[in-house]
Amino acid sequence: MLILTIRTDKPEAELGLFRDSVKLAYSTWLAHRQLAETTHLQIKELLESQSFNLDDLQGIAAFQGPGSFTGLRIGLSVANTLAYSLDIPIVATTGDDWLEQSVQSLQRGHSQQVVLPEYGAMPNITTPRK
């Protein structure tokens, strides 16, 4: 099973490409405020570095949080959109072992259909100034 992993909870974003639990490629880059602009290019480059394309993906594993509100929102939106459009399973987990948990969950045939971020706290939303 060819799995794309996505982690976007901090300024340094991470993508991985796994065949089952074997790491084929892993990429980190300082995305910070350019996460939305760079994520798709980084995914394309990661896949091409291993002679794959999007249609070869068979699952997506994502880091669910806690972390940056905007980073998680962007990363999980990309993950959900890819999973939906490619009709492949998606899972997201939290914790230090999120990667292993997610990959194992996909290998067991699990899919969450849609993954939601876990921010770690309620968002701090200010009141409008009128």
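**Entry 1. The sheet and a helix across it**

Axes are lines fitted to C-alpha atoms, and the angles between them run from 0 to 180 degrees between N-to-C directions. I note at the outset that the structure is a predicted model.

With that definition in hand, I looked up helix α1. I found that α1 lies across β1, β2 and β3, and that α1 runs at about 150 degrees to β3.

I then turned to the sheet itself. In what order do its five strands stand? I read the order as β3-β2-β1-β4-β5, in an open sheet with mixed pairing. β3 and β5 stand at the edges and have a single partner strand each, so each has one side without a neighbour in the sheet. From one strand to the next, the twist averages 15 degrees.

I took one pair of strands for a further check. β1 pairs with strand β2, which covers residues 12–19, in the antiparallel sense and over six bridges. Within this pair, I noted that Leu-4 has Leu-17 of β2 as its bridge partner.

**Entry 2. Ser-27 in an edge strand**

I chose Ser-27, which belongs to strand β3 (residues 22–30). Is Ser-27 buried or exposed? The relative accessible area of Ser-27 is 14%, and buried means under 20%, so I recorded Ser-27 as buried.

I next listed what Ser-27 touches. Leaving aside residues up to four places away in sequence, Ser-27 touches Ala-13, Glu-14, Leu-15, Gln-42 and Leu-46. One of these, Gln-42, also shares a polar contact of 3.4 Å with Ser-27, made between the two side chains.

**Entry 3. Helix α2**

I followed helix α2 from residue 69 to residue 86, a run of 18 residues. From the first C-alpha to the last, α2 reaches 26 Å, which is close to the 26 Å expected at 1.5 Å a residue.

I then asked which residues of α2 are buried. They are Gly-71, Leu-72, Ile-74, Gly-75, Leu-76, Val-78, Ala-79, Asn-80, Leu-82 and Ala-83. I traced their packing to β1 (2–7), α1 (35–49), β4 (59–63) and β5 (90–93). After α2 comes Asp-87, with a positive phi near 55 degrees.

**Entry 4. Salt bridges**

Side chains of opposite charge can pair when their charged atoms come close. I applied the cut-off that a side-chain nitrogen of Lys or Arg must be within 4 Å of a carboxyl oxygen of Asp or Glu. How many salt bridges does the count give by this rule? The count comes to three.

I began with Arg-7 and Asp-9, whose side chains meet in a salt bridge of 2.7 Å, N to O. Arg-7 is buried at 16% relative accessibility, and Asp-9 is buried at 9%.

I went on to Glu-14, which I had already met among the residues that Ser-27 touches. Glu-14 forms a salt bridge with Lys-10, with 3.3 Å between the closest N and O atoms. Glu-14 is buried, its relative accessibility being 12%. Lys-10, in contrast, is partly exposed, with a relative accessible area of 35%.

I ended with Glu-48 and Lys-44, whose closest N and O atoms are 3.6 Å apart in their salt bridge. Both residues belong to helix α1 and are four residues apart, about one turn of the helix. Why did I enter these two residues as partly exposed? Partly exposed covers values between 20% and 50%. Glu-48 has 46% relative accessibility and therefore counts as partly exposed, and Lys-44, at 48%, likewise counts as partly exposed.

**Entry 5. Backbone exceptions in the loops**

Most peptide bonds are trans, and most residues other than glycine have a negative phi. I searched the loops for exceptions.

In the loop between β4 and α2 I found Pro-66. The peptide bond that leads from Gly-65 to Pro-66 is cis, and its omega is near 0 degrees.

In the loop between β3 and α1 I found His-32. His-32 is not a glycine, yet its phi is positive, at about 35 degrees.

In the loop between α1 and β4 I found Ser-51. Ser-51 is also a residue other than glycine with a positive phi, near 60 degrees. Is Ser-51 buried or exposed? Exposed means over 50%, and Ser-51 has 68% relative accessibility, so I recorded Ser-51 as exposed.

How values were computed:
Residues numbered from 1 in each chain as written. Predicted model: local features only at pLDDT ≥ 70, side-chain atom pairs only at ≥ 80, totals over all residues. Heavy atoms only, no water. Helix = DSSP H or I, 4+ residues; strand = E, 2+ residues; numbered from the N terminus. Buried < 20%, exposed > 50% of the residue type's maximum accessible area, 1.4 Å probe, protein only. Polar contact = N/O pair within 3.5 Å; in protein donor to acceptor, adjacent residues only side chain to side chain. Contact = heavy atoms within 4.5 Å. Expected span 1.5 Å × (residues − 1). Pairing = 2+ DSSP bridges.
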